[in-house]
Amino acid sequence: MKAKRNDVKSESFKIRITNKRITDILSSDLFWILLISGIIRLFYYSLLLNTQDTDSPSYLNYAPNVFLGQTDGSRTPVYPYFIKLIGLFNQQHVVNNVIIAHCIISFLSNIIFYNTVCKVFKTRGIILITSFLYGLMLPIINFDKLIRTESLSVFSIIVLLALIVSYLKKPSTTKAILLSLYIFFEIMLRPSFIILLPVVITVWVFRYFSIKQERKMCLSGLVACAMVILLILGYCNLNKRNIGFNGISTVTNVNQLDILIYADMYQNGNDAELTEAIKDNLKQPQTLGGHWNLLINITTEYKPNRIAKFVSTCIKNQPGVYISHIYHTATGLETENIFTNYATHKHGAVVSLVQGIEKFVFYFTFNLLYLFLGASAILIFVEYIKRRVISWLKVILWLIIVAQIAVAIIGAQAEYQRLTITIIPCLIILLFSYIDRIYYSIDRQKINEYSTSVL
């Protein structure tokens, strides 16, 4: 009888524990964020088609074996190898399966983002708002249905932010090394992420001189950054050996050459033959739009290193013209929306309605972005002057955002919204850090507590 009673009590205890766990899950903020985000995402995905654009085949048909020292000058290996990994399960439906993988990874990034903002913000309401805003950010979700690097790039930035916040909360040598080495993975995913390397190096240097207790950790981070530089140089050397180009990606050549043509700078270089070839091609009809026929002809006929030297010389000979062009490019974006869509929408009344809502809700122009970044820089500086406290997270977020915008404007001739889509998670956290601060400023005791935060 006692054994039976013990069994009944044990079973009853297990049921109570199970019920408590279910209750805890159902009452947790993360559960509702994932549930609502998941429902909206599935609905939005149903309105989109699996999309490929002109760059997609170069990822899908990537042939080199980087482990044998082989490279593709136009594509770094992480995303193509991600596609190959998915293709191992079913090569026949690889595009559809890659899209599904995008969607799953993008959805899981909600968990990382939520856990990160929980460490950053002190107000539950702000945590919920930012988590829902990221989880329902349709212009980001749109890229999940496109065969390009953007979906994974946004995820990689979320992981980077998690590493940064984790280090700032509880610094350690292991975290410093991991954070620095992670940058190499990001660069191999998306070459424009190379701008993150000087950002991280700058942070380690300033923290080294600002915080004595972290000097060993900062040195470890800098040593890891040196390793990343060596790895990049090694990859560039492979490109030089394979295609005759000493750089990460020949795409930079194409973009910079196009910029020289638009700025009418190509006539003042170090290569008369190349200049004449550009002039001759400009006389021909550009059936592909823009200068694409010209760019294809030039990059096919001339070696990448020769083009790179030509571009470099043109810029050195006309720095004023180049800077003026970059300035006008930046100011020319002022009235444009920072958000864009690339995945193809289906047709129908519901699709049109959602597109209309998306255009209305997700509308934030570049001039507003510039104003916010300018105001943020002033606020960070004023806070340092008044309190002698560096808001490290704000500074790092600001640097990441500005650096990526600069790389897009300087390094590309178009598609700036796509190239800067990875700033959005950083922008959300930076913007709402001020709102979170305002809430705490209502109570003097809370603002004092807030000012002592390491973030």
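Modeller: Ground rule before we start: buried means under 20% relative accessible area, exposed means over 50%, and partly exposed is in between (1.4 Å probe, protein chains only). The model is predicted: local features need a pLDDT (the predictor's confidence in each residue, from 0 to 100) of at least 70, side-chain atom pairs count only at pLDDT 80 or more, and totals for chains, interfaces and linings use all residues. Residues are numbered from 1 along each chain as its sequence is written, and side-chain values use heavy atoms, leaving out hydrogens and water.

Colleague: OK, what is the relative accessible area of Ile243?

Modeller: Ile243 belongs to helix α11; helices here are DSSP runs (H or I, at least four residues), as are strands (E, at least two), numbered from the N terminus. Leaving aside residues up to four places away in sequence, Ile243 touches Gly73, Thr250 and Pro304, where contact means heavy atoms within 4.5 Å. Ile243 counts as partly exposed because its relative accessible area is 31%.

Colleague: And Ser220: buried or exposed?

Modeller: Ser220 is also placed in helix α11, which covers residues 215-243. Beyond four places in sequence, Ser220 has Thr173 and Ile177 as contacts. Its relative accessibility is 18%, so Ser220 is buried.

Colleague: Where is confidence lowest in the chain?

Modeller: The chain averages a pLDDT of 91, with 92% of the residues scoring at least 70. Where pLDDT is low, the predicted coordinates should not be read in detail. Confidence peaks in helix α8 (residues 150-169) at 98, and the lowest mean, 56, belongs to helix α22 (residues 444-451).

Colleague: Which helix gives the most to the largest nonpolar core?

Modeller: A nonpolar core is a set of buried Ala, Val, Leu, Ile, Met, Phe, Trp, Tyr and Cys residues joined through side-chain atoms within 4.5 Å. The largest one has 123 residues, and those with the most contacts inside it include Tyr79, Leu160 and Ile424. With 12 residues, the top contributor to this core is α8.

Colleague: How many charged residues line the second largest pocket?

Modeller: On a 1 Å grid over the protein atoms alone, a pocket is an open set of points with protein on both sides within 12 Å along at least five of seven lines, a cavity is a set where a 1.4 Å probe fits but cannot get out, and lining residues have an atom within 4 Å of a point. Of the 23 residues lining the second largest pocket, those closest to its centre include Met137 and Phe339, both of which Ile424 touches. Helix α21 gives the most to this lining, with 5 residues. By class the lining has 22 nonpolar residues, no polar ones, and the charged count is 1.

Colleague: What about the second largest cavity: which helix gives the most to its lining?

Modeller: Its lining has 13 residues, with Ile164, Leu179, Val200, Val203 and Ile396 nearest the centre. Two or more residues come from each of α8, α10 (196-210) and α19. Supplying 6 residues, the leading helix is α10.

Colleague: Last one: what is the phi of Arg388?

Modeller: Arg388 lies in the loop between α18 (366-387) and α19 (392-411). At 57% relative accessibility, Arg388 counts as exposed. Although Arg388 is not a glycine, its phi is positive, at about 55°.

Technical notes: Ala, Val, Leu, Ile, Met, Phe, Trp, Tyr, Cys and Pro count as nonpolar, Asp, Glu, Lys and Arg as charged, and the others, Gly among them, as polar.
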